[in-house]
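User: Could you walk me through this model? I'd like to go over it question by question.

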Amino acid sequence: MGELANCAQCGTVFVKNIRDVCSACYRKEEEAFTVVYQFLRKRENREATLSEIVNATVLGKEMIIKFIKTKRLRTSEFPKLTYPCERCGVDIVRGRFCADCTDELKKDLERYDSTKKDATERKPERVYYAFDRND
Ligand SMILES: [Zn+2]
Ligand SMILES: [Zn+2]
């Protein structure tokens with residue numbers, strides 16, 4: 001008996017495997033991928049943007065973003081394939097956040113880390129060295 005999990009797409013309980021979606025959703029995803037890929041392969045659609053693809057294929061935006069994030073749709077091949085940063089909405093091609101937000105989030109994390117450290121451990125006493133300068 002495999003471990004049970006909820007499908008990330010529809011919530012159905014299924015036997016967990018390498019995928020995060022159930023087999024019905026997996027099939028749907030594969031079909032969707034074929035549709036998107038067939039669309040993008042046409043020369044005139046090479047530079048389609050995310051919303052143009054959504055309009056043309058009538059597929060969910062999230063589904064297409066998933067294909068970009070998992071690198072099934074390569075942004076090197078299709079230069080206009082971008083999706084919004086989860087924090088500020090700017091167009092990005094990889095990850096969840098743009099470079100600016102990644103920087104800020106990292107700073108936030110460091111700040112959080114250092115305040116946590118301050119609370120748990122005492123700063124070492126500063127040591128001053130006196131140098132004899134009468135030579
Ligand atoms: Zn499902
Ligand atoms: Zn951002």
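What follows is a run of questions and answers on the fold, the core, the helices and the loops.

User: Before we start, what kind of model is this, and how are things numbered?

Analyst: Residues are numbered from 1 along each chain as its sequence is written, while chains are lettered from A and ligands numbered from 1 in the order in which they are written. As for the kind, local features need pLDDT of at least 70, side-chain atom pairs count only at pLDDT 80 or more, and totals for chains, interfaces and linings use all residues, since this is a predicted model.

User: In what order do the elements of the chain run from the N terminus on?

Analyst: Helices (H or I, at least four residues) and strands (E, at least two) are taken as DSSP runs, numbered from the N terminus. The chain has four helices and four strands. Reading from the N terminus, the order is β-β-α-α-α-β-β-α.

User: What percentage of the residues in the chain is buried?

Analyst: A residue counts as buried if 20 or more other C-beta atoms lie within 10 Å of its own, exposed if 12 or fewer, and partly exposed in between, with C-beta atoms placed from the backbone. The chain has 135 residues, and the buried share of them is 13%.

User: Which element gives the most residues to the largest nonpolar core?

Analyst: A nonpolar core here is a set of buried Ala, Val, Leu, Ile, Met, Phe, Trp, Tyr and Cys residues joined through C-beta atoms within 7 Å. The largest one holds 14 residues, and V36, I64, F67, I68 and L73 touch the most other members. Two or more residues come from each of α1 (23-41) and α3 (61-69). With three residues, the one that gives the most is α3.

User: Leaving aside neighbours within four places in sequence, which residues is L73 in contact with?

Analyst: Two residues are in contact if their C-beta atoms, placed from the backbone, lie within 7 Å. L73 is one of the core residues that touch the most other members. With those neighbours in sequence left out, its contacts are V36, F67, I68, F78 and L81.

User: How far does α1 reach from its first C-alpha to its last?

Analyst: The expected span of a helix is 1.5 Å times one less than its number of residues. α1 has 19 residues, with 27 Å expected, and the value in the model is close to that: 26 Å.

User: Which residues of α1 are exposed on the side away from its buried ones?

Analyst: The buried residues of α1 are C25, V36 and L40. They fall within an arc of 45° seen down the axis (the arc is that of the directions from the helix axis to the C-beta atoms), so they line one face of the helix. Their cover includes α2 (50-57) and α3. On the other side, the exposed residues are R27, E30, E31, T34, Q38 and R41.

User: What do the buried residues of α3 pack against?

Analyst: In α3 the buried residues are I64, F67 and I68. Their arc around the axis is only 100°, which puts them on the same side of α3. They pack against α1, α2 and β3.

User: At roughly what angle do the axes of α1 and α3 cross?

Analyst: Where these helices meet, E29, A32, F33 and V36 in α1 face M63, I64 and F67 in α3. Axes are lines fitted to C-alpha atoms, for helices over the stretch in contact, and angles run from 0 to 180 degrees between N-to-C directions. The pair counts as roughly perpendicular, a label for angles of 65 to 115 degrees. Their axes come within 11 Å, and the crossing angle is roughly 80°.

User: How far apart in space are Q9 and M63, C-alpha to C-alpha?

Analyst: Q9 sits in the loop between β1 (4-6) and β2 (13-15). Q9 is partly exposed, with 19 other C-beta atoms within 10 Å. Q9 and M63 are 54 residues apart in sequence, yet their separation in space is 9.5 Å.

User: Which residue with a positive phi follows α3?

Analyst: Most residues other than glycine have a negative phi. The residue in question is found in the loop between α3 and β3 (83-84). It is exposed, with 10 other C-beta atoms within 10 Å. Its phi is near 65°, and the residue is K71.

Terms used: Parallel < 35°, antiparallel > 145°, perpendicular 65-115°, else oblique.
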